[in-house]
Every structure is written in structure tokens, then in C-alpha cells.
Amino acid sequence: MSRRRSLPDGQLRKRPRRPQSRAIVDAILEAARRILEAEGFDALTTNRIAEDAGVSIGSFYQYFPDREAVIAEIARRLERETLELARERVRAAGDDLLAMVDGLVDLLATTLLGEVQTRVLLLRRIPRGWIREVSAEVDGQVVRLVREALEAHAERLAPIGDAQVTAFMLVTAVEAVVEAGIDRHPEWIEDGSLRAHLHRLVVRYLGLDETASAPRSRTR
């Protein structure tokens with residue numbers, strides 16, 4: 001008797017290639033995210049996802065082995081979305097280093113990337129190994145963006161050494177604080193407390209003029 005090929009945890013059965021296939025996968029992921037945000041993990045069943053996505057359960061299982069794989073793919077897409085939004089914010093900041101700090105802290109420490117309860121669920125339900133490859137790629141790209149900005153403004157910064165190390169420290173520290181905040185104090189994300197403290201942390205670490213660096217109003 002033939003045996004089904006085992007899949008790595010959290011992986012799609014197959015990647016969509018054609019526009020119609022991509023539309024099906026997109027509909028499944030969007031439906032799952034809506035359910036998570038509105039009703040939580042317990043409401044997320046494969047039948048419910050397929051129904052809300054407007055696809056057959058057979059189409060669901062053609063691409064996803066279970067609901068955990070759906071959540072993992074949502075997390076991977078959130079990582080890629082983070083990178084694209086980070087690029088947009090760095091470009092929008094131009095030569096304004098404080099605007100770049102505001103933009104990147106806003107991106108990670110507010111609800112711009114989605115409802116807090118969804119991010120809590122992703123953090124708690126998805127083993128890091130399932131999305132490690134995408135996370136490492138995105139983190140590396142964000143570190144590069146920050147490093148290039150630091151190098152372009154070196155004359156304005158405190159003498160903090162190698163820009164690559166500094167960028168790595170900043171990105172890693174902010175991500176670690178945000179993940180801990182999402183997990184333990186999601187209300188600090190929602191009310192902006194964590195954002196304000198992270199802004200001060202980054203500004204002081206870089207030795208920027210704090211009198212001119214009050215957090216600015218958030219914009220999408």
C-alpha cells in the first residue's frame with residue numbers, strides 16, 4: 001500500500017502557480033484571518049475556513065493539510081508584509097532619521113500589522129521553526145535597511161561603532177521587546193505605551209536630539 005508523503009510541519013501541500021490557484025489560497029488565508037480576529041482560534045476549523053472563503057473543502061485540502069498550516073502561512077505572509085511596509089517607511093522618511101525611527105517603531109509596536117489578538121495567537125501557536133527561514137530573510141533585509149540609514153547619517157549619531165552591529169542590535173532589541181509585549185502585555189500595544197518607550201530607547205541609543213524627537217502621530 002502506498003504511503004502519503006509526509007509534509008514538514010506548517011507547510012502547504014503545494015504552492016499555487018496559476019492565478020486561479022493563488023486566488024483560492026488568498027481567499028482561504030483572508031477568511032482564516034477574519035475568523036481569528038473576530039472569533040479566535042477555537043472557531044477556526046477547516047470546514048469553517050472553507051465555507052467563509054467560498055471554496056470547497058476539497059480545494060482547501062488541496063493546498064493545506066490542516067488549520068495549523070493555514071496559521072503558519074498567515075505568519076509567513078505577515079513577515080513579508082512587515083518587510084514591504086518597512087521599505088515604504090524608510091523611503092518615506094528620506095533624510096529624516098527621526099521619521100525613520102518613528103516609522104519602524106510604529107510598524108512593529110502598534111496595530112498596523114493587524115489586531116493584537118491575532119498576533120498573540122500567531123506568537124503562541126506557531127513554533128518558530130515553522131517560519132524560521134522567512135523570518136531570517138526578513139530580519140536580514142530590515143537590518144540592512146537600518147544599517148544603510150545609519151551609514152547615511154553617521155555624522156548625526158553618537159560614536160556607537162560598526163553600523164551593521166548597531167542595526168542588528170536595534171532590530172533585534174525592538175523585535176524582542178515587541179514580542180514580549182504582545183505575549184504578556186498586549187494592552188501596551190493597543191494604548192501606545194510600548195511604542196513611546198521603544199521610541200525613547202532607540203533615540204537615546206543612537207544619541208539623537210531627544211528634544212526634537214517626540215513620537216509623532218501615527219499614519220498608515
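These are my notebook entries on what I looked up in this structure.

**Ground rules**

I am working with a predicted model, where local features need pLDDT of at least 70 and side-chain atom pairs count only at pLDDT 80 or more, while totals for chains, interfaces and linings use all residues. Residues are numbered from 1 along each chain as its sequence is written, and side-chain values use heavy atoms, with hydrogens and water left out.

**Entry 1: the fold**

I started with the helices and strands, which are DSSP runs numbered from the N terminus (helices: H or I, at least four residues; strands: E, at least two). I found 10 helices and zero strands in the chain. The pattern along the sequence reads α-α-α-α-α-α-α-α-α-α.

**Entry 2: what is hidden**

How much of the chain do buried residues make up? I noted 44% of the 220 residues. Buried means under 20% relative accessible area, exposed means over 50%, and partly exposed is in between (1.4 Å probe, protein chains only).

I picked L29 as an example, which sits in helix α1 (residues 19-39). L29 counts as buried because its relative accessible area is 6%. I then looked at L29 together with I74: they are 45 residues apart in sequence, and their C-alpha atoms are 6.4 Å apart in space.

**Entry 3: aromatic rings**

A pair of aromatic rings is described by the distance of the centres and the angle of the planes. Rings of Phe, Tyr and Trp (its six-membered ring) pair if their centres lie within 6.5 Å; planes under 30 degrees apart are stacked, over 60 edge-to-face, and the rest tilted.

How many aromatic pairs are there by this rule? I counted two aromatic pairs. F60 and Y61 have ring centres 5.2 Å apart and planes at 85°, so this pair is edge-to-face. F60 also pairs with F64, and that pair is tilted, at 5.7 Å centre to centre with 35° between the planes. Ring pairs thus link F60, Y61 and F64 into a cluster.

Are these residues buried or partly exposed? F60 is buried at 0% relative accessibility, and F64 is buried at 0% as well, whereas Y61 is partly exposed at 34%.

**Entry 4: a charged patch**

Last, I looked at the surface and noted a negative patch formed by E115, E187, E190 and D191. Patch residues have over 30% relative accessible area and no salt bridge, with like charges joined within 9 Å. A salt bridge would be a side-chain nitrogen of Lys or Arg within 4 Å of a carboxyl oxygen of Asp or Glu.

I found E115 in the loop between α5 (97-109) and α6 (116-125). E115 counts as partly exposed because its relative accessibility is 37%.

Conventions: Patches are made of residues with over 30% relative accessible area and no salt bridge: like charges are joined within 9 Å, nonpolar side chains (Val, Leu, Ile, Met, Phe, Trp, Tyr) within 5 Å. Accessible areas come from the Shrake-Rupley method with a 1.4 Å probe; for residues, only the protein chains shown count as cover. Lys and Arg count as positive and Asp and Glu as negative; His and the chain ends are not counted. The place of a charge is taken as NZ of Lys, CZ of Arg, CG of Asp or CD of Glu.
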